Amino acid sequence: MVADNVTNLGDIFNNNVQKSAALTDCRDWDHPKTYTYGALDSAADNCALGLRARGLKPGDAVAILSANRAEFMIAFMGALRAGLIAVPINHKFSNEVIHFIFNDADVKLTICDAERAKTLDVKFSIVRFGPNEEDSFNDLLQPGAPDTFKTSEHDIAMILYTSGSTGRPKGVPLTHSGHLWALRARAGDFQQHRILVAAPLYHMNALCITLVAWASKAQIVLLPEFTAERYVAAIERFKCTWITSVPTMLAMIFIDPELTTQADLSSVRIVRMGSAPVSQKLWAHVEKTFPNANIMNGYGTTESGPVVFGPREGKMPPPTSVGWVLPGVGAKLIDSKGNEAEEGELFHKCPANSPGYLKLPEKTAQVFTKDGWYKTGDVFRRDDIGAHYFVGRTDDMFNCGGENIYPTEVEATLISHPDIDQACVVPLPDEIKGAKPVAFAVARTNASVDEDLIKEHALANGPAYQHPRRVLIMNELPIAGPGKIDRKKLTEKAIELWSTVPT
């Protein structure tokens with residue numbers, strides 16, 4: 001648990017576990033490197049001193065641009081300790097978008113890996129990860145233990161940027177005090193746990209669980225990026241007890257049944273999914289593969305943090321549910337008429353809420369109400385015992401001949417077929433209907449499926465208006481940075497393939 005007198009999010013390490021393992025960096029799979037809490041604590045201090053020596057002042061922004069590695073989190077913690085604002089950036093963004101973020105956040109210095117440094121054209125300094133690089137991160141580090149910057153209630157710790165799937169990404173400032181509240185709400189005595197993280201650290205999912213782990217004296221096993229084979233191998237090799245993922249990742253490890261059946265996964269005690277919907281089929285796969293595990297479906301947003309739903313009085317939520325509203329959190333479902341209902345858009349209020357989008361007052365006014373509610377854009381339904389289930393995104397929903405279609409509902413129908421492991425449904429513009437659903441699907445290894453079979457399954461198990469008019473079977477679906485299926489890219493592909501073909 002984070003001590004009550006801690007005000008800086010970068011200063012959460014517990015002095016009682018300095019010699020315990022805090023992080024195993026698997027960037028070099030053959031020679032993984034384990035850091036103790038003491039080593040990370042010292043490195044974060046050295047980083048803070050080095051950043052101050054560069055002339056950076058409290059409130060200045062420092063970008064971090066890299067695949068997952070230990071130095072990413074050292075730079076993050078060091079920047080916060082120095083009173084700077086950390087700006088983790090999706091390293092898969094185009095150069096145009098990356099340079100937009102540099103300007104938008106008024107970045108004063110960037111810390112990045114050598115691969116990314118080669119493509120940047122900036123006037124400020126670039127510090128490169130790697131001991132043999134020009135202006136290396138190792139050279140930035142200065143010995144010593146500085147005083148950690150004392151923050152006030154409204155001081156910004158970090159700016160996270162949205163994926164930009166509907167345009168340029170939006171900067172989301174987040175405060176030290178808000179995310180310390182979130183840590184205290186989630187942290188526990190998890191010292192015995194080894195937590196596998198493969199999602200990117202620039203995203204709320206991975207960043208928050210890493211901070212929760214360190215606030216709880218647990219050990220992180222960090223992969224540089226996700227691949228199904230390496231994810232399963234890491235569980236077995238490091239005897240991970242807690243695995244975190246976007247549901248898409250777990251769906252990918254089940255495509256080839258032999259991948260999980262041939263591995264020893266008995267160490268897993270907790271499976272936590274989040275950032276995307278979970279189908280009944282995926283839940284059943286997880287239960288079968290990790291029979292000793294407590295399975296949780298988490299929910300959170302960049303704008304309002306990771307603390308919304310969860311267990312109630314020690315009772316775990318029903319399968320696929322995100323659970324009940326947690327104590328100290330405001331949540332209500334608002335229907336299309338603006339009334340509270342059993343199904344509707346989630347409005348969320350808690351201390352972790354962002355003060356508003358960076359330099360976007362009109363957009364801020366659209367989604368943050370004057371009385372402190374954040375309009376998430378996520379639609380949920382509440383069952384008769386108060387548990388909540390994700391239905392879909394308001395901006396993903398489309399109308400087909402007068403009927404509203406949430407793609408996640410159609411995808412769940414398609415995935416319920418035993419030979420389909422992944423699916424994505426997108427709207428195809430139609431002059432008569434407005435839009436028609438079309439689908440992209442991934443079949444299980446060695447399964448024999450075709451377009452007609454999938455369409456017949458959809459018609460037999462759901463409303464006729466929901467069935468996809470066209471289906472393309474793919475070896476894999478494109479993934480956006482945070483590990484979610486890239487709907488924008490598939491929508492573009494659907495228009496390219498079928499916009500002139502009768503459906």
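In which order do the strands of the open sheet of seven strands stand? In this predicted model, the order is β2-β1-β10-β9-β11-β12-β13, and the pairing within the sheet is mixed. The edges of this sheet are formed by β2 (33-36) and β13 (294-297), each of which pairs on one side only, and the twist from one strand to the next averages 15 degrees.

At one of these edges, strand β1 (residues 21-25) pairs with β2 in the antiparallel sense, over four bridges; within this pairing, leucine 23 has tyrosine 35 of β2 as its bridge partner. Helix α1 (residues 37-53) packs on the sheet, where it touches β1 and β2, and its direction makes about 80 degrees with that of β2.

A second open sheet has three strands in the order β22-β23-β24, again with mixed pairing. Its edges are held by β22 (420-430) and β24 (471-473), and because each of these has a single partner strand, one side of each is left without a neighbour in the sheet. The twist here averages 20 degrees from one strand to the next. Strand β23 (residues 434-443) pairs with β22 in the antiparallel sense over ten bridges, and alanine 423 stands opposite alanine 441 in β23. Helix α14 (residues 451-461) packs on this sheet, touching β22, β23 and β24, with a direction that makes about 125 degrees with that of β24.

The two antiparallel pairings described above can be set out side by side.

| Strand pair | Bridges | 
|---|---|
| β1 and β2 | four bridges |
| β22 and β23 | ten bridges |

Helices also pack on one another. Two packed helices are described by the angle between their axes and the distance between the axes. For helix α6 (residues 176-186) and helix α7 (residues 204-215), the angle is about 65 degrees and the axes are 9 Å apart, and α6 passes α7 in a right-handed crossing. From α6 the contact takes in His179, Leu183 and Arg186, while α7 brings Met204, Cys208, Ile209, Leu211, Val212 and Ala215. By character, the residues of this contact divide into seven nonpolar, one polar and one charged.

Another helix, α13 (residues 407-415), is mostly covered, with seven of its nine residues buried; these are Pro407, Thr408, Val410, Glu411, Thr413, Leu414 and Ile415.

Is threonine 241, by contrast, buried or exposed? This residue has its place in the loop between α8 (228-238) and β11 (242-245), and its relative accessible area is 11%, so threonine 241 is buried. Leaving aside residues up to four places away in sequence, threonine 241 touches Gln192, His193, Arg194, Ser267, Val268, Arg269 and Ile270.

The aromatic residues form a further part of the picture, for the structure holds 14 aromatic pairs. In one of them, the rings of phenylalanine 309 and phenylalanine 380 have their centres 5.4 Å apart and their planes at 45 degrees, so this pair is tilted. Because phenylalanine 309 lies in strand β14 (residues 309-310) and phenylalanine 380 in strand β18 (residues 374-382), the pair ties together parts that are 71 residues apart in sequence. Phenylalanine 309 counts as buried at 6% relative accessibility, and phenylalanine 380 counts as buried at 0%. Ring pairs link Phe309 and Phe380 with Tyr299 and Phe390 into a cluster.

Note on methods. Residues numbered from 1 in each chain as written. Predicted model: local features only at pLDDT ≥ 70, side-chain atom pairs only at ≥ 80, totals over all residues. Heavy atoms only, no water. Pairing = 2+ DSSP bridges. Helix = DSSP H or I, 4+ residues; strand = E, 2+ residues; numbered from the N terminus. Axes fitted to C-alpha atoms, helices over the stretch in contact; angles between N-to-C directions. Contact = heavy atoms within 4.5 Å. Left-handed = near helix turned anticlockwise from the far one by under 90°. Nonpolar A, V, L, I, M, F, W, Y, C, P; charged D, E, K, R; others polar. Buried < 20%, exposed > 50% of the residue type's maximum accessible area, 1.4 Å probe, protein only. Phe/Tyr/Trp six-rings, centres within 6.5 Å; stacked < 30°, edge-to-face > 60°.
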